[in-house]
Amino acid sequence: MVQSDKPFRHIIIDDFLDGETLRKIVETFDSLKFERKDSDLFNLEQTDDLTNTDIQILKDVQKKILDVSEIKSFFEMVPKSVDMSGMLYKDSDYLLCHDDRLEGRSIAYILYLNTLRKEEGGALKLINSKDFKTEELILPKENRLVMFEVSEKSWHEVSEIINAKRKSLGGWLHC
Amino acid sequence: MNPFYSLDVLNQANAVLKKENIVELKQIFVSGSLSVIRTEILSLKTKKEYHPLKHSWNVFEGAELDHILDSVGIIPALSAGFKMKHPKAKLYILRDGDYSLLHDDVSEENGTVAFLDISDQWNNNWGGYLGIEQEKFELEPNSILITNLFGQRFFFKRINHHANADKIIIIIKSN
């Protein structure tokens, strides 16, 4: 478990799900329908909003995310709800720097469903909003949960994928 | 500049611009002369501009660039054919990983804007397209796209790791 305030408040929890839940969630992820998104900010594939899904394993994972004790103990927030979608990055996909701020978003989260080597890209870069330097580089690792506080300082991006795929579930906690 | 683009042809293109708000002229320089012009322009000392939320590119702005474009007929063509007043140019070079974004702080544009592409070669799978709000324009090397903007903003799609050339764009606006 990593907890840090630099460059903004975030936590990294490895081995978040038990083995059986992880296996099921990866299997479910692979069966989801993705739509390609292309804008100034990103190139990636995304599912529809999975918040109100009928798929039980996704509901279970959403509950488990809401129950992360560090939301209260570290972020000092009380979650009311969580939303979720699936993100699939393929070769040359990326997400450029932004801060995630939008009404109701308190904490952003990413649950990685596969592991990438550094040279394959897909890393989450946490950027210092004052000097523009990458202060933390978080590699995608299967079963790793990352959470960070959404604020005017929460500048982050996902580095370009190089001949690989990056699978994750993500969204925001509303507190 | 290609002698095909006589004042008569430019006037016809301007009529298209007035009607459609956009016109593209191809083969703007005759065979061979583009590389000479590009070499001269690339001898200008550019500077890196990086703001994670806005852009990453190399730029040059100054009288030397305007003089080159004047001498090769671009500035006179925009003045006479498209009635642009005191056109001023800015050079943008985008390499692997460079981009610009439609950030709230990026100013909206009003009036006629010309995008002159002097890249050596380009493959649209490398990124680098011009986005004007939600519309996508794939600029070709040795072409100029002229458009009337009405409070719109534009961006250049991030260049991906497949690119083996630079996207070299000169943006010309009325001063």
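Which helix of chain A is the place of Glu27(A)? The close-ups below start there, and everything in them comes from a predicted model.

**View 1. Glu27(A), out on a helix of chain A.** Glu27(A) sits in helix α1 of chain A, the stretch covering residues 19-31. Count the other C-beta atoms within 10 Å of this glutamate and you get 10, so Glu27(A) is classed as exposed. For a sense of distance, look across to Lys63(A): the two residues are 36 apart along the chain, and 19 Å separates their C-alpha atoms.

**View 2. Arg158(B), an arginine tucked into a loop.** Here we are in chain B, in the loop that links β10 (154-156) to β11 (167-174). Is Arg158(B) buried or exposed? Arg158(B) is buried, because 25 other C-beta atoms lie within 10 Å and 20 or more is enough to earn that label. Asp98(B) is 60 residues away along the chain, yet its C-alpha atom is 5.5 Å from that of Arg158(B). Setting aside neighbours within four places in sequence, the contacts of Arg158(B) are Tyr99(B) and Gly127(B) from chain B, plus Tyr94(A) and Leu96(A) from chain A.

**View 3. Helices α1 and α4 of chain B crossing.** The pair to look at is α1(B), residues 7-20, and α4(B), residues 74-82. Their axes come within 8 Å and cross at roughly 65°, and the crossing is right-handed. On the α1(B) side, the contact is made by Leu7(B), Leu10(B), Asn11(B), Ala13(B), Asn14(B) and Leu17(B). Facing them from α4(B) are Ala77(B), Ala80(B), Gly81(B) and Phe82(B). Sort these by class and you have seven nonpolar residues, three polar ones and no charged ones.

**View 4. Helix α1(B) from end to end.** With 14 residues at 1.5 Å each, α1(B) should span 20 Å, and its end C-alpha atoms are indeed 20 Å apart, so expectation and model agree. Right after the helix comes Asn21(B), which has a positive phi, near 70°.

**View 5. Inside the largest nonpolar core.** In soluble globular proteins, nonpolar side chains tend to be buried together. This core has 86 residues, and the ones touching the most other members are Ile107(A), Tyr109(A), Met147(A), Phe115(B) and Leu116(B). Strand β8 of chain A (residues 107-112) is the biggest giver, with six residues in the core. Now zoom in on Phe115(B): leaving out neighbours within four places in sequence, its contacts are Leu130(B), Leu139(B), Ile144(B), Leu145(B), Ile169(B) and Ile171(B).

Definitions and conventions
Residues numbered from 1 in each chain as written. Chains lettered and ligands numbered in written order. Predicted model: local features only at pLDDT ≥ 70, side-chain atom pairs only at ≥ 80, totals over all residues. Axes fitted to C-alpha atoms, helices over the stretch in contact; angles between N-to-C directions. Helix = DSSP H or I, 4+ residues; strand = E, 2+ residues; numbered from the N terminus. Left-handed = near helix turned anticlockwise from the far one by under 90°. Contact = placed C-beta atoms within 7 Å. Nonpolar A, V, L, I, M, F, W, Y, C, P; charged D, E, K, R; others polar. Expected span 1.5 Å × (residues − 1). Core = buried A, V, L, I, M, F, W, Y, C linked by C-beta atoms within 7 Å. Buried ≥ 20, exposed ≤ 12 C-beta atoms within 10 Å, placed from the backbone.
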